Structure formats: structure tokens, C-alpha cells
Amino acid sequence: YNMKKVQEIFFLAMGGLLGSVGILYGMTFHYFLLFVAIFFAFSNWNSFIEKVRSGKDYILVFIVYLLYISLQTIFLNAGVNDKAYFGIFETISLNFILVPVYVATLREIMTSRLLKQFLFLFCAGCVLLNLYIVFYLVGKKAFMDMQSTIEFLYTSRFGDNKMSLLGGSLLLEPQAFTIALTALISYIMIFIERRWEMKILCGMMLLLLLFFLSFTVTKAGLLAFTAGFVLVNIYILKKRTWRMRLTLLACVFLFVSGVFVFDGFREKYKERTGEIIVELGNIKHGVYSGGTIAPRVGFIREAYIHVDEFAFWGLGVYAKNRVKEWFKNSDAGLGEFRNVHNTFLHYWIQGGVFGLAIMIFLFGAPFYMMIRNRRFSYLIASMMVVIIITNGSTILLDLNNSRFIIVLLLSMFYYYGDTFRQIEKAIIR
């Protein structure tokens with residue numbers, strides 16, 4: 001009993017930390033999880049092995065991928081003279097293998113109540129971190145001149161990439177992804193929670209997170225939240241009365257109208273829209289420099305030019321440096337960029353056909369389980385939409401700020417889909 005309680009406490013603490021400071025310090029949190037997993041394993045070895053064996057098929061896929069990359073490093077790329085990046089082995093071991101192993105060991109303690117608490121703390125952690133960032137960027141000015149403060153946050157894109165934050169770092173795209181995901185979860189929690197004080201608290205978190213998301217001015221984050229929001233409302237609105245539907249639409253309208261009051265919001269989004277229009281015109285003339293759509297089209301074009309180098313076997317430990325060389329020598333003006341800004345393309349370049357298959361498996365396994373069990377979850381599907389859309393515009397699954405929570409959630413969707421479904425049923429009560 002005591003060990004189960006310790007597991008529950010750590011799991012809930014992890015939810016709060018992954019929404020806040022836990023993502024700021026590189027792989028530090030992964031090593032802490034490794035220590036915890038070893039501790040739980042030795043505290044009850046037989047039970048640990050039994051739980052891992054029950055989820056072995058999922059874990060074995062990533063172990064095979066690690067073996068493939070190892071063999072690839074030894075044999076396939078022996079003649080490549082580029083600089084090798086061996087951190088790939090740490091990434092696969094501490095994320096794609098360790099995290100699913102840890103999730104598999106939660107089988108005895110995972111309940112709908114515990115999962116709800118985890119999701120709430122994840123959202124609360126994200127709110128607290130971003131509130132800190134607001135005061136970190138503007139200081140006392142936040143209380144003196146609210147309108148100019150908010151306009152500054154829009155024009156600065158919420159501080160953009162923060163390379164020195166509480167002794168760690170936080171990139172803008174992972175930050176926007178986490179905000180979009182927690183905003184969607186907070187919205188769903190309004191309908192799941194039974195107590196009015198919790199509904200109000202979740203509603204307040206939602207409003208704050210939507211403001212934070214708008215500060216980032218990231219198209220992928222806004223699109224991801226909107227798509228997930230629409231999907232989950234297909235379920236919610238079918239189960240609720242017309243009064244609830246009209247109230248919901250009124251709240252959304254009031255929030256959107258309120259945001260447009262700020263000049264900084266209008267000007268920054270007008271600027272970003274203008275950039276998109278200009279870059280779409282540039283693409284037609286073969287110009288791929290810029291900061292929105294054009295470079296991403298250029299990344300795909302450049303990968304297509306070099307597809308014969310990675311299409312089947314992949315480039316493994318040499319992938320990162322090779323991509324930099326492609327961009328540096330490109331005639332498309334991509335020299336300032338360091339990666340392909342697309343998770344699926346990134347792992348295809350890294351692992352070839354096998355790497356692409358791993359991504360399809362990772363993102364497809366939760367849907368497979370829903371189909372196999374004939375129990376579709378709008379909660380899982382809406383969160384998956386956020387994860388997939390944001391990974392399509394940047395390599396979130398290769399960034400320390402975001403990789404842990406993505407792999408953790410995808411593993412939880414696979415192993416505990418029925419628990420998510422139980423939470424979801426509270427919406428129709």
C-alpha cells in the first residue's frame with residue numbers, strides 16, 4: 001500500500017513539473033525518472049517485471065529501433081565523414097524506451113481519479129510557469145500599465161526563445177505546444193469536473209492559457225488548439241442541451257472579441273498574415289527565405305533533392321550535421337536554419353524507412369487500440385490532433401522542452417485508453 005501511495009505522489013508531481021519547470025533543464029528530468037524507475041523496480045522486482053512484460057510489445061518496437069540505429073552507426077554510415085551526433089542513443093533510451101516502461105508500471109495505480117488529478121496539475125503547472133514568464137519579461141510594469149504590457153507581450157512574441165529562464169531554457173514552439181495542449185485539457189476539464197469551484201478554476205486557467213497562446217503568435221499552436229477544440233465540441237455539443245451550446249458559443253465569442261481590443265494583437269497578427277501572403281508569392285518564384293511558410297516548403301524541397309541519401313536506410317548519427325550542410329549549401333536561402341521543422345521528416349532522415357515507420361507507429365498506436373477495442377475517445381483524439389499538427393511544423397519530438405510529455409501522453413493513450421474514456425463519460429452526466 002505505501003509503495004503504491006509513493007507511486008501516485010510521484011506521478012502527480014511529475015504532472016505538475018512537466019507543465020512547468022521540469023521541461024527547462026534538458027535531459028535532467030529523464031535521469032530523475034530513470035532513478036525513480038530503478039527504485040520502484042528494486043522495491044518489488046517481480047511485480048515490476050510482470051508489469052513491463054504486460055506491455056512488452058509496445059516497448060519492444062523502440063528497442064528494435066535502438067538496435068537498428070546501433071547497427072546503422074557501425075555498418076551503414078561507416079564511410080560518412082560528417083560529424084556524428086551520438087546523443088541520439090541517449091534520446092532513444094531515456095525517452096522512447098524508459099518512458100513507456102515507466103507508464104507500463106502504472107497499471108495498478110492508474111484510475112480515472114488519479115488521471116484527472118494528473119491532467120489538472122499539468123495544466124496548473126503550465127499556468128504558473130507562464131505567469132512567471134510574464135513577470136520575468138515585464139516586471140512591475142505588469143501592474144502599472146496593463147495595456148502597454150499586453151501589447152509588448154504580443155510584439156515580442158512572449159519573449160520568443162528564452163535561453164536563460166530559471167537556469168534553463170525554453171524555446172517558443174514547445175512553449176506554444178504545451179500551452180495549446182493544456183488550454184484544450186482545461187476546457188475539457190470544465191465539463192468533467194462535478195464541483196462548481198473546480199469548474200470555475202478550470203475556466204480561469206483556460207482564459208489565461210488562451211491569452212498566453214495568443215501572445216506566442218504561433219500559427220501551428222493556434223491551429224492545433226482550434227482543431228482540437230472543434231473536434232471535442234462535436235462530442236460535447238451532441239451530449240449537452242441547446243442552452244449549454246449557446247452559453248459555450250457566447251463565451252468563445254466574448255473571449256475572441258476581448259482579445260481583439262488590444263492593438264498589439266491586431267498589429268502582430270496583421271504583420272504575420274502579411275508575411276504569409278508575401279511568402280506564398282515568393283514560393284512561386286522559387287524564393288524560400290522567410291519566417292513562416294516559405295522556409296518549411298524549402299525544407300521539404302531540400303529533403304526531396306537529397307532523398308537518395310536517406311530514403312531507405314537513413315543517416316542516423318550523421319543526420320543533424322548533414323541537414324545543416326544541405327541548408328548551408330542550398331540555393332534557397334536556408335543557411336540560417338538547423339533542422340527540417342517537421343518531426344516526421346526528421347525521423348525519416350534519421351532512420352530511413354524504419355524511422356518513418358516508428359513515427360507512424362508512435363502516433364498511430366493509440367488509434368489502433370481504439371479501433372481494436374471499439375471504443376473511440378474524443379478526449380484522446382482531440383489531444384492527438386494538437387500533438388500531430390504541432391509536430392508537423394517543428395521537430396517537437398526531438399526537443400527536450402517537449403519530447404518527454406509527448407512520449408508520456410502517447411504511451412498513456414496506448415496503455416490506458418479506457419481510463420481516458422471513463423473520464424470522458426463524465427461529460428454526459
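## A salt bridge within helix H1

Glutamate 8 has a relative accessibility of 23%, so this residue counts as partly exposed. The model shown here is a predicted one, and glutamate 8 is a friendly place to start exploring it. In this model, glutamate 8 pairs with lysine 5 in a salt bridge, and their closest N and O atoms are 3.9 Å apart. Lysine 5 is also partly exposed, because its relative accessibility is 40%.

Where do the two partners sit relative to each other in helix H1? Helix H1 covers residues 2-19, and the two residues are 3 positions apart in it, which means that about one helical turn separates them. As background, side chains of opposite charge can pair when their charged atoms come close.

## The chain as a whole

Let us step back for a moment. The protein chain has 429 residues, and 54% of them count as buried. Its secondary structure consists of 20 helices and 2 strands.

How much of the contact in the chain links residues 24 or more positions apart? Taking the contacts with a separation of 6 or more, such pairs account for 77%.

## Salt bridges between distant parts

The count of salt bridges in the model comes to 10. One of them joins arginine 296 to glutamate 173, with 4.0 Å between the closest N and O atoms. Arginine 296 belongs to helix H14 (residues 293-305) and glutamate 173 to helix H9, so this pair ties together parts that lie 123 residues apart in sequence. Arginine 296 counts as partly exposed because its relative accessibility is 23%. Glutamate 173 is partly exposed as well, with a relative accessible area of 23%.

Another salt bridge links lysine 320 and aspartate 398, whose closest N and O atoms are 3.4 Å apart. Lysine 320 is in helix H16 (residues 319-328), while aspartate 398 is in the loop between helix H18 (378-391) and helix H19 (403-415), so parts 78 residues apart in sequence are tied together. Are these partners buried or exposed? Lysine 320 is partly exposed at a relative accessible area of 31%, whereas aspartate 398 is buried at 11%. Elsewhere, salt bridges with shared partners connect Lys4, Lys51 and Glu108 in one network.

## How H6 meets H9

Two packed helices are described by the angle between their axes and the distance between the axes. Helix H6 spans residues 112-138 and helix H9 spans residues 172-192; their axes come within 9 Å and cross at roughly 130°. H6 and H9 are therefore oblique to each other, and their crossing is left-handed.

Which residues make this contact? From H6 come Lys116, Leu119, Phe120, Phe122, Cys123, Cys126, Asn130 and Ile133. H9 contributes Gln175, Thr178, Ile179, Leu181, Thr182, Ile185, Ser186, Met189 and Ile192. The residues of this contact divide into 11 nonpolar, 5 polar and 1 charged. Helix H9 also holds glutamate 173, the salt-bridge partner of arginine 296 in H14.

## How H2 meets H5

A further helix pair to look at is H2 (residues 28-43) with H5 (residues 87-104). The axes of H2 and H5 come within 10 Å and cross at roughly 45°. That angle makes the two helices oblique to each other, and H2 passes H5 in a left-handed crossing.

On the H2 side, the contact is made by His30, Tyr31, Leu33, Leu34 and Ala37. On the H5 side, the residues are Glu90, Leu94, Asn95, Leu98, Val99 and Tyr102. Sorted by character, the residues of this contact comprise 8 nonpolar, 2 polar and 1 charged.

## Two residues with positive phi

Most residues other than glycine have a negative phi. What is the phi of valine 217? Valine 217 has a positive phi of about 50°, although it is not a glycine. Valine 217 is found in the loop between helix H10 (196-216) and helix H11 (219-239). At 1% relative accessibility, valine 217 counts as buried.

Histidine 341 also has a positive phi, near 55°, and is a residue other than glycine. Histidine 341 is placed in the loop between H16 and helix H17 (343-373). Is histidine 341 buried or exposed? Its relative accessibility is 17%, so histidine 341 counts as buried.

Technical notes:
Residues are numbered from 1 along each chain as its sequence is written. This is a predicted model: local features need pLDDT of at least 70, side-chain atom pairs count only at pLDDT 80 or more; totals for chains, interfaces and linings use all residues. Side-chain values use heavy atoms; hydrogens and water are left out. Axes are lines fitted to C-alpha atoms, for helices over the stretch in contact, and angles run from 0 to 180 degrees between N-to-C directions. Helices (H or I, at least four residues) and strands (E, at least two) are DSSP runs, numbered from the N terminus. Angles under 35 degrees count as roughly parallel, over 145 as roughly antiparallel, 65 to 115 as roughly perpendicular and the rest as oblique. A crossing is left-handed if the near helix is turned anticlockwise from the far one by less than a right angle, and right-handed if clockwise. Contact means heavy atoms within 4.5 Å. Ala, Val, Leu, Ile, Met, Phe, Trp, Tyr, Cys and Pro count as nonpolar, Asp, Glu, Lys and Arg as charged, and the others, Gly among them, as polar. A salt bridge is a side-chain nitrogen of Lys or Arg within 4 Å of a carboxyl oxygen of Asp or Glu. Buried means under 20% relative accessible area, exposed over 50%, partly exposed in between (1.4 Å probe, protein chains only).
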